[in-house]
Amino acid sequence: MKMAKFKIWMVALTLLMGVSLTSCFNSDNDPTVTGFAYGKCTDFYPPTFQLFNGQKLVVSGSSTTTFNMGEIYGFYYQFDSELQSPDAASITVTLYNGIEPVSINAKGNEGPVSASESTKANSAFYAFSGNVSFSSGTVNIDPIVVFDNEYIIVTPVYWVKQESSDEKQKEELAKHAFVLTYDLESVKQGDTEFVLTLNHVITETSEDPVVRNVYTSTSKAYRLTSALNMFGLKAGQKPTKIKVIGQVNTSKNSLEGAIEQVWEYTVK
């Protein structure tokens, strides 16, 4: 059976298009550059976001009054390349169609936290690493570690129920949490590999069976600083490799028949 590709309005659905300043010219004669970026908020007046390559985007015309310093935001932007070079260290941009920046930082209870029964996965992912087909095409969703190993950004693709209205769809999405956990008890002196587990946890509000047969995605930024410090105290050194594992099932929303997907990163 051919699975439907479910498209959601969230900015995060651009996946990792904005790992760096990913921009495009609208046409050969149009100097307007339009793009999407993930950036860390470094100032809120005016809103300023540092990209993964060190470049800064200064947002003009935002109506958001409060941004959280140090958090990761995703946003669409535009600027005139005849007035500013795309390679400049700092570029003043406007928000595309007035779409405000959205924080992708994981919620406090989503980790990284020490593994427990309450954080254990009760549902599989469709994927969180590799190439995934969406209605817009095939996209690579490998996690990425950024800002001097401060953050890991993960793009879980997961099974959902397709609802009939926006309000019900929001309620369905709110049931899904993506908890990043670690097991310090397994860390020994001299270890160099830090293992993290990405858990898909669904909180049901009804005892009736829920059919989740389409998939969508989101992006989550997890701050690694505290977890890495605890690993260093236990192992006596910083890790040289970070490994993320999770349970994946591309056939159905179930841990039954799921396989373990692994993504590895060499710490720089």
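These are my notebook entries on a predicted model of one protein chain.

**Entry 1: overall make-up**

I began with the secondary structure and found 2 helices and 20 strands in the protein chain. I then looked up burial: of the 268 residues, 49% are buried. The exposed surface of the protein chain comes to about 13,600 Å². Carbon and sulfur atoms supply 49% of that surface. For contacts with a separation of 6 or more, I noted that 69% join residues 24 or more positions apart.

**Entry 2: confidence**

I checked the pLDDT before going into detail. The average for the protein chain is 88, and 90% of the residues score at least 70. Residues 1–23 have a pLDDT below 50. In the model this stretch still has 78 contacts beyond near neighbours in sequence. I took no local detail from residues 1–23, because local features need a pLDDT of at least 70.

**Entry 3: aromatic pairs**

I looked up the aromatic pairs and found 19 in the structure. One of them joins F36 and Y76, with ring centres 5.0 Å apart and planes at 65°. Why is the pair of F36 and Y76 edge-to-face? Its planes stand at 65°, and an angle over 60 degrees counts as edge-to-face.

I placed the two residues next: F36 is in strand β2 (residues 32–44), and Y76 is in strand β5 (residues 72–80). The pair therefore ties together parts that lie 40 residues apart in sequence. Are F36 and Y76 buried or partly exposed? F36 has a relative accessibility of 1% and counts as buried. Y76 is partly exposed, because its relative accessible area is 23% and the limit for buried is under 20%.

The second pair I looked up is Y182 with F194, which is tilted. The centres of these rings are 6.0 Å apart, with 50° between the planes. Y182 sits in strand β15 (residues 176–182) and F194 in strand β16 (residues 193–202), so I noted a link between distant parts of the chain, 12 residues apart. Both count as buried: Y182 has a relative accessible area of 7%, and F194 is at 2% relative accessibility.

**Entry 4: a cluster and a charge over a ring**

I also found one aromatic cluster, formed by F49, F67, Y73, F75, Y77 and F79. Elsewhere I looked at K40, whose charged end sits over the ring of F147. The distance from the charged end of K40 to the centre of that ring is 4.7 Å.

**Entry 5: N249**

Where is N249 placed? I found N249 in the loop between β19 (241–248) and β20 (259–266). N249 has a relative accessibility of 5%, so this loop residue counts as buried. I followed its side chain, which reaches the backbone oxygen of E256 at 3.1 Å. Leaving aside neighbours within four places in sequence, I listed the contacts of N249: A124, F125, Y126, W159, S254, E256, G257 and A258.

**Entry 6: A174**

My last look was at A174, which lies in helix α1 (residues 166–174). Is A174 buried or exposed? A174 counts as exposed, because its relative accessibility is 57% and exposed means over 50%. I also looked up the separation of A174 from I202, 28 residues apart along the chain. The C-alpha atoms of A174 and I202 are separated by 8.9 Å.

How values were computed: Residues are numbered from 1 along each chain as its sequence is written. This is a predicted model: local features need pLDDT of at least 70, side-chain atom pairs count only at pLDDT 80 or more; totals for chains, interfaces and linings use all residues. Side-chain values use heavy atoms; hydrogens and water are left out. Helices (H or I, at least four residues) and strands (E, at least two) are DSSP runs, numbered from the N terminus. Buried means under 20% relative accessible area, exposed over 50%, partly exposed in between (1.4 Å probe, protein chains only). Contact means heavy atoms within 4.5 Å. Accessible areas come from the Shrake-Rupley method with a 1.4 Å probe; for residues, only the protein chains shown count as cover. Rings of Phe, Tyr and Trp (its six-membered ring) pair if their centres lie within 6.5 Å; planes under 30 degrees apart count as stacked, over 60 as edge-to-face and the rest as tilted. A charge sits over a ring if NZ of Lys or CZ of Arg is within 6 Å of the ring centre and within 35 degrees of the ring normal. A polar contact is a pair of N or O atoms within 3.5 Å; within protein, one must be able to donate a hydrogen and the other to accept it, and residues adjacent in sequence count only if both atoms are side-chain atoms. pLDDT is the predictor's confidence in each residue, from 0 to 100.
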